[in-house]
Structure formats: structure tokens, C-alpha cells
Amino acid sequence: MTTVKQLFDESRAASRPTLSFEIFPPKGDLDHRTAREVAGGLAPLGPDFISVTYSAGGCGNKHSTNDVAEIIQSDFDTVCVAHLTCAGATASSIAASIEDLRAHNIENVLALRGDIPAGVEPAEFRFAKDLIPTLADAGFCVGAAAYPEGHIDCIDPKVNIEHLKEKVDAGASFLVTQLFFDNDYFYRFRERCTSARIYAPITCGIMPFLSKQQIQRMVFMCGASLPSPIIKLLARYEDDPASLRAAGIEYACKQLVDLEEHGADGLHVYTMNHPDIARVCTEAIRCAG
């Protein structure tokens, strides 16, 4: 089984970024038929790996995540990363999750805190940094989230980098960023990582905006900044949803090409389960390269 760390090592040796996609189980449940359809549209594009989120809005469903990840690996011969959150988890529940990951032949895991359920007090695992060593000790290749503009609960850039360093020191061997719409935020963030001696490869999470409602939701959920070119596009195509969708995908493609030109370790497309988005982004990257 290939680990994501090996994929990053190979891509670095070849002087190219990794390319990966994300499948997002809506409300924690992506049925197997739909999962195969989405994966069947993504796998032929030749991604280095595909990740599968653990939940939407904090309602984790490990069985859906791991089932979908196993389908991607077994049916489409594509390396998969399963997300796992730990908010409200206990040692016994994480142990059960590890056994389920093993039962599904999953080797790569993205360790996340996740949203804290209402009324639930953090137990043994308060943060992702607490989950990472448990997964690493269990033999998994572990990734962690990175926040170019800072975590929405941590606005201090210095503390944000300190938290990321703790994740890497705990055993994270690769990093996936939260979405951002201005590449300059990532370049400054990458410089801060280098200064802090964070050397784990970082793949850049890019999400095309498809509607005004979607981008408003993302801004409030993640705290991502909206650069003026996007604000102008939203105003220009406010009454033309199809043109706004096309403009959002084109904007994401330009981001991805620019990131590749500036030596990003990886390019990670949040596909929102739309293989057509992944295809357009892939074509833009490969044509530019």
C-alpha cells in the first residue's frame, strides 16, 4: 500500500506538485452508488490521492467515510485518505475507529479536531495534536490541517504556527490547507512555516466558488478573506448563476496554476463531488505545466 508521504517524496523528486481531490459526504452520508459515480469520474484524471471527509457540520459517520475510502482504493486503484475527527472522542472510541480503519485497509488518515458537538465536553482528545500520535503509533501515515489565514478560533498568526508545529512534532507527515482565495496568504504562511522549521509537505486546498450563497457560507465558517476580484465577480454575475459558476471555476484554475508556478508541494481541489470541476482544474494545471 502506498502512503501519502511516499507520494510527496516522489513528487518532490520529480519537481512537480501532487494533485489530489476531496470527496465530501453530505451530512455524513454518501451512498455507495453515488460514491462510485463520483470516484469513477475522479480516478481517470490520475490524482495522486483522493480524500474523504469525516462529516458535514460535525455529525461524524466513520462508516460512510471508511466505506467510501475503501471503494476508491479497491475499485479504482487510487490512494485514499480518510478523515477522522476527535472532538468529544474517548480512548475507547478512537481505538474502535482505528480498528475500523484497519478493517477497511486504510493506511492514510487526516487527523482533525472537528466541530465540538453542542453540550459535549472534550475528553481525552481535545485537539488534533492529541489524536496524531495515537494514529502514528498505530502505523498510519497521518496528515493534519493547516490554516494560511489562521484557524477561526485562533487569530494570532504566531500561535497558529506554533499549533501547526505541535502537530508536525506529534507525527503529522503531510499538511492540507484550509481553502483560501488569495495565494499571497499562502506564500506568507509558507515563509512562516519555513522560519518555524516546519518541513512537512503542504498541499494547498482550493475550492471553486459556485454561488454567492456558497461563498458567504465558506467565509463565515472558515474566516477566509475575499479579495476584490472575487467581490467584483459576485457583483457582475449576481443575477447570472451559470456565469458566476464558470467564473468561480476559472478563478480557482488561475489560483492552482499560480501555486504550481510558485513551487507548491501539492494542489488539493475541493471538488464538492463534481468530477467536472476536477476535470477542468486538472486540464488547466497540466496545460500550464
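**Entry 1: cysteines.** I count a residue as buried when its relative accessible area is under 20%, and I keep in mind throughout that this is a predicted model. By that cut-off Cys 193 is buried, since its relative accessible area is 1%, and Cys 204 is buried as well, with a value of 0%. I then searched the whole structure for disulfides and found zero. Cys 193 takes part in none, and the cysteine sulfur nearest to its own, that of Cys 204, is 10 Å away. Why is the sulfur of Cys 204 not bonded to that of Cys 193? The two sulfurs are 10 Å apart, which is too far for a bond, because a disulfide requires the pair to lie within 2.5 Å.

**Entry 2: helix H4.** I looked next at H4, which runs over residues 91–103, and noted that its 13 residues reach 18 Å from the first C-alpha to the last, close to the 18 Å expected at 1.5 Å a residue. Which residues of H4 are buried? I listed Ile 94, Ser 97, Ile 98, Asp 100 and Leu 101. Viewed down the axis of H4, the buried residues fall within an arc of 165°, so they line one face of the helix. I recalled the general background that an α-helix has 3.6 residues a turn, so residues three or four places apart point the same way. On the other side of H4, I found Ser 92 and Ala 103 exposed.

**Entry 3: either end of H4.** After H4 comes Asn 105, where I noted a positive phi, near 60°. In the loop between strand S3 (80–85) and H4 I located Gly 88, which is partly exposed, with a relative accessible area of 29%. I also checked Gly 88 against Glu 166, and the two are 78 residues apart in sequence and 20 Å apart in space, C-alpha to C-alpha.

**Entry 4: nonpolar cores.** The largest nonpolar core has 61 residues, and those with the most contacts inside it are Leu 135, Leu 175 and Leu 259. Which helix gives the largest share of this core? That is H10 (residues 241–261), which supplies five residues. I also recorded another core lying apart from this one, with 28 residues, including Phe 174, Met 218, Leu 233 and Ala 247.

**Entry 5: around Leu 259.** Returning to Leu 259, and leaving aside its neighbours within four places in sequence, I found it in contact with Phe 180, Asn 183, Phe 186, Tyr 187, Cys 204, Ile 206, Ala 264 and Leu 267. One of these contacts, Cys 204, is the buried cysteine from my opening entry.

Technical notes:
Residues numbered from 1 in each chain as written. Predicted model: local features only at pLDDT ≥ 70, side-chain atom pairs only at ≥ 80, totals over all residues. Heavy atoms only, no water. Buried < 20%, exposed > 50% of the residue type's maximum accessible area, 1.4 Å probe, protein only. Helix = DSSP H or I, 4+ residues; strand = E, 2+ residues; numbered from the N terminus. Expected span 1.5 Å × (residues − 1). Arc of directions from axis to C-beta. Core = buried A, V, L, I, M, F, W, Y, C linked by side-chain atoms within 4.5 Å. Contact = heavy atoms within 4.5 Å.
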